[in-house]
Amino acid sequence: EFERQARDARKIPLREFLGNPHFRPLGEIPVNQLEMELDRVRELFALHNVEVDCLDEVSHEELYRFMTTELLEEEIEDIRIDGMKLCYIYEEFHPNDAYDATMFAEYFLWDIFERQGQLAIDAFARDEVYDPSGKKCDMNTIKSMVHSFFQKYPLFTGYKFNCIGCSLEGDYATVRYETEWSGLQKETMESLDHNGVSVLRMKKGPYGGFEVVQMNIPGFGGGQEDRIARIS
């Protein structure tokens with residue numbers, strides 16, 4: 001049915017798809033009525049199987065503005081099938097670099113402590129990487145660091161991390177996580193605990209998202225990284 005309709009579907013703005021509704025201008029809506037008006041807009045969209053989601057927090061004012069002005073001009077194919085939804089994400093129109101950098105940094109930490117070595121290595125930028133001390137290095141050094149870490153601690157017995165900040169500077173971001181982890185050391189099978197602040201330097205990737213260019217994780221490379229992370 002989709003293929004049948006798509007053959008002859010015409011391009012129309014989302015406004016027409018929704019039946020050319022009229023919405024109150026944002027500037028005319030009292031603050032105490034804005035949430036109700038936004039719910040009304042969402043209900044109308046839902047009647048036509050159109051959904052709008054946000055990955056991060058977006059104010060009621062901005063979301064109302066987006067849904068009742070900017071998004072209505074988006075061109076779509078006039079295809080209507082029961083059960084098929086048209087879904088939009090706010091950040092696809094207004095990228096949130098802080099959210100993206102934090103998300104990719106968190107993915108990286110999960111890969112490290114879930115022992116997904118290749119995924120962690122693949123998270124690094126190919127054209128710019130640094131060791132924990134800030135010295136420029138190459139991918140062979142990064143691979144050696146990751147593999148050595150896994151060899152030194154053959155088992156992680158616990159870990160947790162919590163984002164405490166993200167700062168942006170051009171195409172770069174610095175993400176900080178309060179980090180606690182414990183693991184069994186290979187030589188003695190002694191359980192060692194580490195805690196401090198993990199600092200991940202990120203850079204926008206050529207195909208979207210963010211890549212790691214430098215990492216400081218407490219205990220990752222010995223005393224120096226512990227000290228650097230705690231100071232940061």
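**Exercise 1. Decide whether Arg 115 is buried, partly exposed or exposed, and place Arg 115 in the fold.**

Step 1: Arg 115 has a relative accessible area of 31%. Step 2: Buried means under 20% relative accessible area, exposed over 50%, and partly exposed in between (1.4 Å probe, protein chains only). Arg 115 is therefore partly exposed. Step 3: Arg 115 sits in the loop between α6 and α7; helices (H or I, at least four residues) and strands (E, at least two) are DSSP runs, numbered from the N terminus. Step 4: Although Arg 115 is not a glycine, its phi is positive, about 60°.

A word on the model: it is predicted, so local features need pLDDT of at least 70 and side-chain atom pairs count only at pLDDT 80 or more, while totals for chains, interfaces and linings use all residues. Residues are numbered from 1 along each chain as its sequence is written, and side-chain values use heavy atoms, with hydrogens and water left out.

**Exercise 2. Repeat the analysis for Asn 49.**

Step 1: Asn 49 lies in the loop between α3 (34-47) and β2 (50-53). Step 2: Asn 49 is a residue other than glycine, yet its phi is positive, near 60°. Step 3: With 28% relative accessibility, Asn 49 counts as partly exposed.

**Exercise 3. Describe helix α6, from its span to its packing.**

Step 1: α6 covers residues 97-113, which is 17 residues. Step 2: The expected span is 1.5 Å times one less than the number of residues. For α6 this gives 24 Å, and the helix reaches 24 Å from its first C-alpha to its last. Step 3: At the N-terminal end, Asn 96 acts as the cap, with a side-chain oxygen 3.3 Å from the backbone nitrogen of Ala 98. Step 4: Buried residues of α6 include Ala 101, Ala 105, Phe 108 and Ile 112. An α-helix has 3.6 residues a turn, so residues three or four places apart point the same way. Step 5: The buried residues of α6 pack (heavy atoms within 4.5 Å) against α7 (117-122), α8 (139-152), β7 (155-169), β8 (172-184), β9 (191-204) and β10 (210-216).

**Exercise 4. Find the buried residues of helix α4 and their packing partners.**

Step 1: In α4 (residues 60-70), Leu 63, Tyr 64, Phe 66, Met 67 and Thr 68 are buried. Step 2: These buried residues pack against α3, β2 and α5 (90-93).

Technical notes:
A polar contact is a pair of N or O atoms within 3.5 Å; within protein, one must be able to donate a hydrogen and the other to accept it, and residues adjacent in sequence count only if both atoms are side-chain atoms.
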